[in-house]
Amino acid sequence: MSDSVSDSTPNSASNRENERDDRPVALPLVVLPLNAQRYSCHGCGNCCRDFTVQLRPADLRKLESQAWAEKLGMPVTVEFRGVTYLRQRDDGACVFLMDDGLCRIHKEYGFAEKPIACQMFPFVPVPDDRRTRVGLSFACQSVRENKGAELRSHTAEIDRMTRAIPETRIATYTAMLADAMGAKEGELDTLSYAVDAYLARGDLTFRDRFDGLAWVAASLGRAKLADVRATRFRELVSLLFSALPAELEHLPLEAALPKQSRLLRQAVYARLEDVQVNTAKSRGRWRTVLAQLFASRAFTRGKGRVPAVARGLLNEASFDQIAQVPILSESPDRDGIEDLFVRYARATIVGGRAWGAGYYGWPAVRGFQALVLNIACAAWLARALAAARGHEHVLMEDARDALGRIDRHAGRAPWLGSVGERLRLEYFRLDDGLRRIVRSSI
Ligand code: SF4
């Protein structure tokens, strides 16, 4: 993996100018340096449905000057709990989404006049103490399908967009290795490079790649890292990855324990939960909370029909049917699904979205474990989608849609960064939980 600084790095002359002006110096930009990943927008409009778009003051000024309320005969923003969002129609689509799947603001005023969050998607800028990494959201269809231009061709545009969101180019985050343990120089890069290099290994089976990842994540969680810093941390990471995949054969595992399966389904529900501002407003707070509680309990129990979630995504499926869908490694589309999952995991790690400012400010070890949990959730959901669609095996479309749903909320939904989610991860550290839930679906 090359981690080169992109073209948009401010040159030294402009840095000096900034220093003279006392303006903060923009962090250098590192656009996801993965040659295996491409992206261009193909205008499918999927990101304009069911996404809540939070607006900044500059967005509100633009929308007002474009006079949309008069043109459309209705307000185009909505306030909810003190935050202003783009308004959505009853079916969850943005009010500006047209029948041809294109954005009306874009059509009438151009790309740069859209709210900045809409311009930025699917790029995710993640500042740390030295640079702003730019990751990619796999909620985007073109990203999942790996269609489009080389990522570095978007650098100038990303530079322009991130400068409109100054906090994405300022070093405000203190890198943490584990709870209450700041990272030493090079430790987090060591971990990123090692995970990426391991995932890139073509000689491993689909299962071994992710089982191995779960084993390393759990092993780092158990290690007394305070005694293993800097060079010794590098040695530990190297030792763990060099033990793979042989170590997995020495530590065979039975199926996931019932409580682990329950917690996995609960984690999937937490990632599907998607209460729209419209729905929450019309239902009222208590009815919304009760509906969530009911659905969460049904996922935890795992019996009977799957409750209505995410606009009927899993309608017609029962938990028994989902359990009967073969694991992803047995899919006839296995190679494509493996490529998708590996690209996702590499892009998340290398793009800085696994920890720190990219994932609820979490320290690296816990963020790494959360990535493994997200992968297990995506694999379970892919089997659930196959069951809901009457497929005998998980097909490519099931895997793509599942990963898109799981990544849609990652790093954005506050409840996924909560104490409840932390406790869930703590539990998966026991009895080889992370490994078992990965192996139960991949
Ligand atoms: S989901 Fe991706 S490809 Fe589709 S409209 Fe949004 S950015 Fe474009």
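In the predicted model, Asp431 is located in the loop that joins helix H19 (419-428) to helix H20 (433-439). The backbone at Asp431 has a phi near 50°, a positive value in a residue other than glycine. Asp431 has 14 other C-beta atoms within 10 Å and is therefore classed as partly exposed, since that class falls between the limit of 12 or fewer for exposed residues and that of 20 or more for buried ones.

A positive phi also occurs at Tyr360, where the angle is near 60°, again in a residue other than glycine. Tyr360 belongs to the loop between helix H16 (334-350) and helix H17 (364-388). Because Tyr360 has 20 C-beta neighbours inside 10 Å, this residue counts as buried; the threshold for that class is 20 or more.

Helix H19, which precedes the loop of Asp431, also packs against another helix. The axes of H19 and helix H12 (residues 258-272) come within 11 Å and cross at roughly 150°. The two helices are therefore roughly antiparallel to each other, as angles over 145 degrees are assigned to that class. The crossing of H12 and H19 is left-handed. On the H12 side, the contact involves Gln260, Leu263, Ala267 and Ala270, which meet Glu421, Arg424, Tyr427 and Phe428 of H19. By residue class, the contact of H12 with H19 comprises five nonpolar residues, one polar residue and two charged residues.

Cis peptide bonds were found at two further loop positions. The bond from Leu244 to Pro245 is cis, with omega near 5°. Pro245 is placed in the loop between helix H10 (231-242) and helix H11 (246-250). The bond from Phe121 to Pro122 is likewise cis, and its omega is near 5°. Pro122 lies in the loop leading from helix H5 (116-120) to strand S5 (123-127).

Phe121 and Pro122, the two residues joined by this cis bond, are also among the residues around the ligand. The ligand surroundings further include Cys41, His42, Gly43, Cys44, Gly45, Asn46 and Cys47. Cys140, Gln141 and Ser142 are likewise part of these surroundings. The shell around the ligand is divided into six nonpolar and six polar residues, with no charged residue.

Conventions. Residues are numbered from 1 along each chain as its sequence is written. This is a predicted model: local features need pLDDT of at least 70, side-chain atom pairs count only at pLDDT 80 or more; totals for chains, interfaces and linings use all residues. Helices (H or I, at least four residues) and strands (E, at least two) are DSSP runs, numbered from the N terminus. A residue is near a molecule or strand if its C-beta atom, placed from the backbone, lies within 6 Å of it. Ala, Val, Leu, Ile, Met, Phe, Trp, Tyr, Cys and Pro count as nonpolar, Asp, Glu, Lys and Arg as charged, and the others, Gly among them, as polar. Axes are lines fitted to C-alpha atoms, for helices over the stretch in contact, and angles run from 0 to 180 degrees between N-to-C directions. Angles under 35 degrees count as roughly parallel, over 145 as roughly antiparallel, 65 to 115 as roughly perpendicular and the rest as oblique. A crossing is left-handed if the near helix is turned anticlockwise from the far one by less than a right angle, and right-handed if clockwise. Two residues are in contact if their C-beta atoms, placed from the backbone, lie within 7 Å.
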